[in-house]
Amino acid sequence: MSADPKYKRVLLKCSGEALMADGTTGIDNDTVERIAAEIASVSRLDVEVCVVIGGGNIFRGVSASTHGMARASADYMGMLATVMNALALQNAIERLGIETRVLSAIPMASVCEPYIRRRAMRHLEKKRVVIFAAGTGNPFFTTDTAAALRAAEMGCDVLLKGTQVDGVYSDDPLRNPDAIRYERLDYMDVLSQDLKVMDASAISLARENNIPILVFSIQKPGAFSDVLTGVGRCTIIEQRKEEKTGVLANG
Ligand code: UDP
């Protein structure tokens with residue numbers, strides 16, 4: 001680590017797929033341990049860390065609903081899947097000696113705490129890693145939207161989206177070698193060009209609350225802390241400076 005972190009309170013959005021081993025589904029222990037180590041190393045830098053975990057490695061509501069299941073029921077199953085991922089991650093982080101709390105948007109008293117905003121804030125002040133489970137608690141939403149929502153509620157300085165690649169590209173770089181990588185984007189670029197980073201409601205929520213989004217590779221060891229200290233590779237999505245200050249390009 002070469003520099004101090006640039007942010008005090010951050011939220012990491014990690015998709016469920018990030019917990020799978022290559023070519024499998026479900027939860028891979030070694031992969032969970034690796035991600036837990038990334039989170040622990042950032043927490044040790046005295047950064048307050050929130051995590052929103054997805055559930056796509058176990059169950060996705062949209063896919064089940066295309067096979068005839070009621071979308072709302074399928075989405076509730078998807079939200080339950082995120083709780084399983086949250087518990088796996090909690091366990092792995094605590095084995096590294098970092099205190100954590102799982103807060104679920106769907107109350108599950110014997111499994112974890114219910115989501116209560118002020119309680120979550122208190123945990124963060126006590127330097128506990130807070131893992132938000134069950135998305136927004138509502139069907140027809142995604143954990144991307146939950147991430148933007150919790151980042152706004154917790155007053156996070158930045159939202160980090162951990163993906164399989166080191167930023168936002170014009171096309172899937174794993175399939176198209178000519179895909180262009182962006183260094184910096186405005187929220188509106190992501191929306192108007194329909195870049196597949198996070199869904200539109202998540203981007204809009206981050207934009208309305210002026211929360212920058214850093215897109216980076218969760219697969220690269222050390223990337224989470226590197227991005228926070230400004231030495232890692234990522235794409236920054238934020239409002240363009242001229243819009244922030246109200247200065248028009250033509251004077
Ligand atoms: N989900 C939901 N409401 C939410 C968040 C998630 O209904 O607020 C459901 C939805 O069915 C989704 C599943 O949970 O498909 C898993 O979440 P997501 O697809 O966002 O996970 P990821 O792609 O990040 O692994």
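1. Contact here means heavy atoms within 4.5 Å. G16 makes such contacts with G54, G55, G56, N57 and N85, leaving out residues up to four places away in sequence. The model is predicted: local features need pLDDT of at least 70, side-chain atom pairs count only at pLDDT 80 or more, and totals for chains, interfaces and linings use all residues. Residues are numbered from 1 along each chain as its sequence is written, and side-chain values use heavy atoms, with hydrogens and water left out.

2. Where does G16 sit? It is in the loop between strand 1 (9-14) and helix 1 (29-43). Helices (H or I, at least four residues) and strands (E, at least two) are DSSP runs, numbered from the N terminus. G16 is buried, at 2% relative accessible area. Buried means under 20% relative accessible area, exposed over 50%, and partly exposed in between (1.4 Å probe, protein chains only).

3. UniProt, in an unreviewed entry, marks K13, C14, S15, G16, G56, R60, T163, Q164, Y169 and D172 as "binding site". UniProt positions are given in the numbering used here, feature names are shortened, and annotations may be inferred rather than shown by experiment. These residues do not all gather at one spot, because they span 160 residues in sequence and the farthest two C-alpha atoms are 24.3 Å apart. The lining of the largest pocket includes K13, S15, G16, G56, R60, T163, Q164, Y169 and D172 from this group. On a 1 Å grid over the protein atoms alone, a pocket is an open set of points where a 1.4 Å probe fits, with protein on both sides within 12 Å along at least five of seven lines; lining residues have an atom within 4 Å of a point.

4. R60 belongs to the loop between strand 2 (48-53) and helix 2 (61-66). It counts as partly exposed, at 42% relative accessibility. The side chains of R60 and E17 are joined by a polar contact of 2.9 Å. A polar contact is a pair of N or O atoms within 3.5 Å; within protein, one must be able to donate a hydrogen and the other to accept it, and residues adjacent in sequence count only if both atoms are side-chain atoms.

5. A second "binding site" listing in UniProt (unreviewed entry) holds G55, D75, T136, G137, N138, P139, F140, F141, T142 and T143. These residues are spread over 89 residues of sequence, yet they cluster in space, with a largest C-alpha distance of 14.1 Å. From this set, G55, D75, T136, N138, P139, F141, T142 and T143 are in the lining of the largest pocket.

6. Two residues of that listing deserve a look. G55 is in the loop between strand 2 and helix 2. It is buried, with a relative accessible area of 7%. Beyond four places in sequence, G55 touches G16, A81, T82 and N85. T143 is in helix 5. It too is buried, at 16% relative accessibility. Setting aside neighbours within four places in sequence, T143 contacts K13, V52, I53, G54, T82 and G135.

7. Check the backbone in the loop between strand 5 (129-133) and helix 5, where A134 is found. A134 is not a glycine, yet it has a positive phi of about 65 degrees. Most residues other than glycine have a negative phi. A134 is buried, at 0% relative accessibility. F140 lies in the loop between strand 5 and helix 5. Its phi is also positive, near 70 degrees. F140 is exposed, with a relative accessible area of 54%.

8. Which residues of helix 7 (residues 200-208) are buried? A202, I203 and A206 are. They line one face of the helix, because they fall within an arc of 95 degrees seen down the axis of helix 7. That arc is taken from the directions from the helix axis to the C-beta atoms. Their cover includes helix 5 (143-154), helix 6 (187-192) and strand 10 (213-217). Just after helix 7, N210 has a positive phi of about 55 degrees.

9. The whole structure has zero disulfides. A disulfide is a pair of cysteine sulfur atoms within 2.5 Å. Why does C156 form none? The closest cysteine sulfur, in C50, is 3.9 Å from the sulfur of C156, too far for a bond. For C112 the closest cysteine sulfur is also in C50, at 16 Å, again too far. C156 is buried at 8% relative accessible area, and C112 is buried at 11%.
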